[in-house]
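Trainee: I'd like a close look at one helix and the loop right behind it. Walk me through the packing and the polar contacts, then show me how the rest is laid out.

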Amino acid sequence: MCGIVGLVAHEPANQLVYDSLLLLQHRGQDSAGIATAEGGIFHIHKTKGQVREGFRTRDMRALLGSMGLGHVRYATKGAASNEQEAQPFYVNAPYGIVLIHNGNLTNTRELTSELFHVDRRHLNTNSDTELLVNVLAHELQEQVNGRDLDPEQIFAAVSRVHDRVQGSYAAIAMIAGHGLLAFRDPFGIRPLVLGRRLAADGVREEWITASESLVLESGGYEIVRDVAPGEAIFISLDGEMVSKQCHASPRLIPCSFEYVYLARPDSIMNGISVYDARLRLGNRLADTIAQHSPIGDIDVVMPIPDSSRPAAMQVAQKLGIEYREGFYKNRYVGRTFIMPGQAERKRSVRQKLNAMSSEFKGKNILIVDDSIVRGTTSREIVEMARAAGANKVTFTSAAPPVRFPHVYGINMPTRQELVAHDRKIPEIARELGADHLIYQEVADMQAAITEGSDVTELEMSCFTGDYVTGTVSPEYLAWVEANQLS
């Protein structure tokens, strides 16, 4: 999971991209990068850490031009500590291309071999984004006839990218001297939203594409639509937008975890409000709780702030139980799920949350969290509730058990790290130290997220083991587990 944004404006792009990345910071905190285009010249600044930490006034002043893109990284491939793997990535031919990418490619071994032995391209990192930009560059080079470059050649190159690349990818690229290209994988697993607004002169159009709609709304852009699965969009330097479907059989199967945890609640992606989806997840979870837990034994419902708050409110309302906020969140600590390394996650839980004893003492607590992945955070939270004086702790998850690795852009590469893998629910409850443990049903999660939308399928592989691209084999999963750190 990463956050990406690209835009073509009629004013300096640097501040526009910077402001957008601040709004996407929840999608990645390992590194950040901005590239702008001044005519045929690219200006790039990449840094470890968060956006506010890594960009100084001198860096911003050097990012000249009215076209730009930006990226916040949460490492799912390669190493979070490797600054060379921060995005964007640049190749100098054809024309010069700078690219950013949200997602995860699943045929990196094959692509690495092809690029070296067939395309004769050099790779300098283990990043799958470097693979993607080189595949795009090679296919674009194959389409170029003479000096001119037209959108049809670009779209033909993207079609070839779809043929060669497997996995999830929402990508944005700048082509020097020509414009901005955005494209999405044929399943639309990772999100990408398109917007426009009038420039300051009230005549010319400015365009933006980003991971989440809140970026567009904050910048005063009209939300045009989502980039369709398999579609490519090209925006010229003067603001003319053209698009084309570049895949023969696209299917919209967005990632369910975006709605459970990753996205901000004030975003709308694929026509689904994240906030409304989380409310519906709470309603469905309340029904399951009522079936499996004696309601009279529960005194209060508490959320783990912030992403589980909508679901917890609905659980409390539907069950007629008092809603209380017993955990105080330190907002200056990053999201623990996306921190690199298990030790770092565990240490950060108690830095991030504090249990207020006045809300726990002598009470039977029902805790609502958005999901349970490794169990690190959940185990610490149960211990904190007991230390604060809770009598009994019922732990509930608005998502089903996470039993399988995620290979489409979320850092869950190994089965052994997942607390629910190969365990029954009572065993997981003992592992977490909870008196009772209740999960959302898979069918209820799917129904809650898709209700009222045109989306009929969701990417739910970490819950079901069904990998929608159809190319993820047991051998590949074993290789990922052996080679990718969490």
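**Helix H14 and what follows**

Mentor: Start with the packing: the buried residues of H14 sit against helix H13 (376-387) and strand S22 (436-439). Contact here means heavy atoms within 4.5 Å. Helices (H or I, at least four residues) and strands (E, at least two) are DSSP runs, numbered from the N terminus. Some ground rules: this is a predicted model, where local features need pLDDT of at least 70 and side-chain atom pairs count only at pLDDT 80 or more, while totals for chains, interfaces and linings use all residues. Residues are numbered from 1 along each chain as its sequence is written, and side-chain values use heavy atoms, with hydrogens and water left out.

H14 covers residues 425-432, and its buried residues are Ile428, Ala429 and Leu432. Looking down the axis of H14, these fall within an arc of 105°, so they line one face of the helix; that arc is taken from the directions from the helix axis to the C-beta atoms. Swing round to the other side of H14 and you find Pro426 and Arg430, both exposed. The cut-offs, with a 1.4 Å probe and protein chains only, are under 20% relative accessible area for buried, over 50% for exposed, and partly exposed in between.

Now step off the end of the helix. Just after H14, glycine 433 has a positive phi of about 85°. Then, in the loop between H14 and S22, comes aspartate 435. Aspartate 435 has 36% relative accessibility, so it counts as partly exposed. Skipping neighbours within four places in sequence, aspartate 435 touches Arg386, Asn391, Lys392 and Val393. Two of its interactions are worth picking out. The side chains of aspartate 435 and arginine 386 share a polar contact of 2.9 Å, and the side chain of aspartate 435 also reaches the backbone nitrogen of valine 393 at 2.7 Å. A polar contact is a pair of N or O atoms within 3.5 Å; within protein, one must be able to donate a hydrogen and the other to accept it, and residues adjacent in sequence count only if both atoms are side-chain atoms. If you follow the chain 24 residues from aspartate 435 you get to glutamate 459, and the two C-alpha atoms are 31 Å apart.

Zooming out, the protein is divided into domain 1 (2-252) and domain 2 (273-329 + 349-458), with bounds from an automatic or database domain assignment. Their centres, taken over C-alpha atoms, are 35 Å apart. Where they touch, 12 residues of domain 1 are in contact with 8 residues of domain 2.

There's also an open sheet of 7 strands, paired antiparallel, in the order S3-S2-S4-S1-S10-S9-S11. Its edge strands are S3 and S11 (222-226), each paired on one side only, and the twist averages 15° from one strand to the next. Two strands pair if DSSP finds at least two bridges between them.

For a second acidic residue to set beside aspartate 435, try glutamate 206 in strand S10 (residues 205-210). Glutamate 206 is at 1% relative accessibility, so it counts as buried. A polar atom of the glutamate 206 side chain lies 2.7 Å from the backbone nitrogen of histidine 10.

Definitions and conventions: Axes are lines fitted to C-alpha atoms, for helices over the stretch in contact, and angles run from 0 to 180 degrees between N-to-C directions.
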